[in-house]
Amino acid sequence: MLWYIIVTALTVSIDSFFCGFSLSLKGGKKSVIILTIFLTVLLMCAAANYAAAVLQNALTDVTAECGGAILVIVGVYNLVKPEGEVKPANTFKAALLTGFAVGLDGAAANLSLSLMGMNGFYVPLIIALCHAL
């Protein structure tokens with residue numbers, strides 16, 4: 001079971017690796033970037049773990065279909081949105097936004113693992129550590 005959690009955490013953290021790598025190329029402090037991404041992902045995964053414990057009996061197939069529809073709408077919006085001018089941001093703000101963006105998939109993976117019965121305190125920690133790598 002632990003092996004399954006580690007493989008899932010590594011799988012959802014691949015995008016975090018490339019985002020953190022691109023942020024470090026801009027010349028920011030690597031420790032600030034890594035710590036910010038780690039803490040953001042850890043908090044999001046812990047919140048997903050808690051939500052799964054609270055909502056485990058309330059989630060149904062209709063909820064899953066609504067979640068899938070939301071993902072499709074967000075994906076289509078991202079494909080058709082107009083390109084804007086990118087403004088340079090400071091390192092902490094960029095790392096915080098990156099941590100939130102890559103933490104969403106970690107939180108979703110944590111939520112699904114928690115609903116499958118793997119809801120220990122170590123699941124958010126493993127996912128956040130893999131994102132910090």
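Which element of the protein has the lowest mean pLDDT, and which the highest? In this predicted model, helix α4 (residues 61-80) has the lowest mean pLDDT among the elements, at 72, whereas α3 has the highest, at 83.

**View 1. Overall fold of the predicted model.** The protein contains 6 helices and 0 strands, and its elements, read from the N terminus on, run α-α-α-α-α-α. Mean pLDDT for the protein is 76, with 87% of residues reaching 70 or more. Of its 133 residues, 32% count as buried, and the accessible surface comes to about 8800 Å², of which 73% belongs to carbon and sulfur atoms. Among contacts between residues at least 6 apart in sequence, 88% join residues that are at least 24 apart.

**View 2. Helix α3 and its buried residues.** Helix α3, which covers residues 30-55, has 26 residues and reaches 37 Å from its first C-alpha to its last, close to the 38 Å expected at 1.5 Å a residue. The buried residues of this helix are I33, T36, I37, F38, T40, V41, M44, C45, A48, N49 and A52. An α-helix has 3.6 residues a turn, so residues three or four places apart point the same way.

**View 3. L42 of helix α3 and the residues it touches.** L42 is found in helix α3 and is partly exposed, with a relative accessible area of 22%; this value does not fall under the 20% that would make a residue buried. Leaving aside residues up to four places away in sequence, L42 touches P124, L125 and A128. The C-alpha atoms of L42 and V123 are separated by 9.6 Å, although these two residues lie 81 residues apart along the chain.

**View 4. Helix α6, residues 122-132.** Because 8 of its 11 residues are buried, helix α6 is largely enclosed by the rest of the structure. The buried residues in α6 are V123, P124, I126, I127, A128, C130, H131 and A132. Two of these, P124 and A128, are among the residues touched by L42.

**View 5. The nonpolar surface patch.** Y50, V54, L55, L59 and L115 together make a nonpolar surface patch of about 460 Å². Helix α3 supplies the largest share of this patch, 3 residues, and V54 is found in that helix.

**View 6. K26 in the loop before helix α3.** K26 lies in the loop between α2 (14-25) and α3, where it is exposed, with a relative accessible area of 71%. The C-alpha atoms of K26 and T91 are separated by 8.6 Å, while the two residues are 65 residues apart along the chain.

Definitions and conventions. Residues are numbered from 1 along each chain as its sequence is written. This is a predicted model: local features need pLDDT of at least 70, side-chain atom pairs count only at pLDDT 80 or more; totals for chains, interfaces and linings use all residues. Side-chain values use heavy atoms; hydrogens and water are left out. Patches are made of residues with over 30% relative accessible area and no salt bridge: like charges are joined within 9 Å, nonpolar side chains (Val, Leu, Ile, Met, Phe, Trp, Tyr) within 5 Å. Accessible areas come from the Shrake-Rupley method with a 1.4 Å probe; for residues, only the protein chains shown count as cover. A salt bridge is a side-chain nitrogen of Lys or Arg within 4 Å of a carboxyl oxygen of Asp or Glu. Helices (H or I, at least four residues) and strands (E, at least two) are DSSP runs, numbered from the N terminus. Buried means under 20% relative accessible area, exposed over 50%, partly exposed in between (1.4 Å probe, protein chains only). Contact means heavy atoms within 4.5 Å. pLDDT is the predictor's confidence in each residue, from 0 to 100. The expected span of a helix is 1.5 Å times one less than its number of residues.
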